[in-house]
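Please work through the exercises below with the sequence and the coordinates open side by side. Each one sets a task and is followed by a solution that proceeds step by step.

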Amino acid sequence: MTMNRAIRHGGRLLALTVAACGIAAATALPASADEQPTRQQLTADCASGEGKCTFNSPQLGEAYLGQFRQVSDSLYNCSTSDATQSMTWSDTVGSTDSVGVSVTAGGKIAGIVDLSVTASYNHSWSSTHSESSSLGMTVKPGEVGWISRAQVMQNVSGTWQTHYDSPKWGHYYWFWQDTITGPAANGTDGKSNAVVVKSRKMSDAEKNSCSADAHEGRAFVQER
């Protein structure tokens with residue numbers, strides 16, 4: 001091999017090596033921690049559309065009943081007999097990601113997740129659920145009552161991929177794992193939403209409020 005051929009051959013090897021390193025660098029973590037974006041920053045770019053994002057390989061977890069929470073005003077019974085009243089309630093449940101950031105309000109996140117779940121499971125995914133109704137409740141003397149509700153919830157796990165038109169934080173592509181918790185349809189995996197009436201004894205301070213002229217001997221409603 002002549003010297004010129006050796007140089008040309010070596011130049012091609014160097015070019016291939018540089019290209020391979022460029023591909024690897026596009027999917028590797030940056031060398032400096034200062035160059036690495038937070039997941040919140042990447043998620044914000046997905047929500048705004050600055051990053052072209054997909055939510056890949058979604059995996060739905062088994063549905064479960066979420067925690068009960070108060071969804072109505074409170075009925076205080078300062079009288080000496082049972083107090084019965086119809087109370088309205090309303091509840092809105094949203095979705096959060098694995099670091100507790102809401103994915104419900106604004107942006108494109110919910111739509112991206114819904115598109116991915118629909119393609120994989122042939123049914124839609126909703127980032128929020130709202131429901132309201134009314135329920136009769138009876139509160140014993142010296143007690144306070146309210147309505148609580150628990151929503152069927154479900155986790156969906158997957159891998160986010162974002163692509164930038166120009167390198168950001170040194171790379172075109174970023175990947176990260178995420179689990180999003182959101183409301184599921186009533187009856188999913190045999191789990192059902194629940195609405196219950198709860199009550200407790202009044203505290204000393206609450207009992208003292210019953211001596212006020214407006215409340216003495218009466219039941220009254222306090223907004224939540």
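The exercises that follow concern a predicted model, and they pass from the overall fold to the core, the disulfides, a pocket and one aspartate.

**Exercise 1. Describe the overall make-up of the chain.**

Step 1. Begin with the secondary structure, where the chain shows 4 helices and 11 strands.

Step 2. Turn next to burial: of the 224 residues in the chain, 31% are buried, and the accessible surface amounts to about 12900 Å², with 53% of that area belonging to carbon and sulfur atoms.

Step 3. Finally, consider how the contacts are spread along the sequence; when those between residues at least 6 apart are taken, 80% join residues at least 24 apart.

**Exercise 2. Find the largest nonpolar core and say which elements build it.**

Step 1. The largest nonpolar core has 17 residues, and those with the most contacts inside it are Val113, Trp125, Val156, Trp160 and Ile180.

Step 2. Assign the core to elements: at least two of its residues come from each of α2 (39-48), β1 (52-60), α3 (109-121), β8 (152-168) and β9 (171-183), and the largest share, 5 residues, is supplied by α3.

Step 3. Take Val113 as an example and set aside its neighbours within four places in sequence; what remains in contact with Val113 is Phe55, Trp125, Val156, Trp160 and Ile180.

**Exercise 3. Locate the disulfides, and compare their geometry and setting.**

Step 1. A search of the whole structure gives 2 disulfides, and with bonded cysteines counted along the chain, their pattern is 1-2, 3-4.

Step 2. In one of them, Cys46 is joined to Cys53 with an S to S distance of 2.0 Å, and the value of -85° about the S-S bond makes this link left-handed.

Step 3. To judge burial, apply the cut-off of under 20% relative accessible area: Cys46, at 1%, is buried, and Cys53, at 12%, also counts as buried.

Step 4. In the other, the sulfur atoms of Cys78 and Cys210 are 2.1 Å apart, and because the torsion about their S-S bond is about -70°, this disulfide is left-handed.

Step 5. Cys78 lies in the loop between β4 (74-77) and β5 (83-93), while Cys210 lies in the loop between α4 (204-209) and β11 (219-222), so the pair ties together parts that are 132 residues apart in sequence. Both Cys78 and Cys210 are buried.

**Exercise 4. Characterise the largest pocket.**

Step 1. The volume of the largest pocket is about 240 Å³.

Step 2. It is lined by 18 residues, of which Ser124, Ser126, Pro183, Ala184 and Ala185 are the closest to its centre.

Step 3. The elements that give two or more residues to this lining are β8 and β9, and β8 gives the most, with 3 residues.

**Exercise 5. Is Asp178 buried or exposed, and which residues is it in contact with?**

Step 1. Place the residue in the fold: Asp178 lies in strand β9.

Step 2. Its relative accessible area is 6%, and because buried means under 20%, Asp178 is buried.

Step 3. Leaving aside neighbours within four places in sequence, list the contacts of Asp178, which are Arg39, Phe55, Asp97, Ser98, Val156, Ser157, Gly158 and Trp160.

Step 4. Look at the pair of Asp178 and Asp97 in particular, since these residues are 81 apart along the chain and yet their C-alpha atoms are separated by 6.7 Å.

Note on methods:
Residues are numbered from 1 along each chain as its sequence is written. This is a predicted model: local features need pLDDT of at least 70, side-chain atom pairs count only at pLDDT 80 or more; totals for chains, interfaces and linings use all residues. Side-chain values use heavy atoms; hydrogens and water are left out. Buried means under 20% relative accessible area, exposed over 50%, partly exposed in between (1.4 Å probe, protein chains only). Contact means heavy atoms within 4.5 Å. Accessible areas come from the Shrake-Rupley method with a 1.4 Å probe; for residues, only the protein chains shown count as cover. A nonpolar core is a set of buried Ala, Val, Leu, Ile, Met, Phe, Trp, Tyr and Cys residues joined through side-chain atoms within 4.5 Å. A disulfide is a pair of cysteine sulfur atoms within 2.5 Å. On a 1 Å grid over the protein atoms alone, a cavity is a set of points where a 1.4 Å probe fits but cannot get out, and a pocket is an open set with protein on both sides within 12 Å along at least five of seven lines; lining residues have an atom within 4 Å of a point. Grid points are joined across faces, edges and corners, and a volume is the space filled by probe spheres set on the points.
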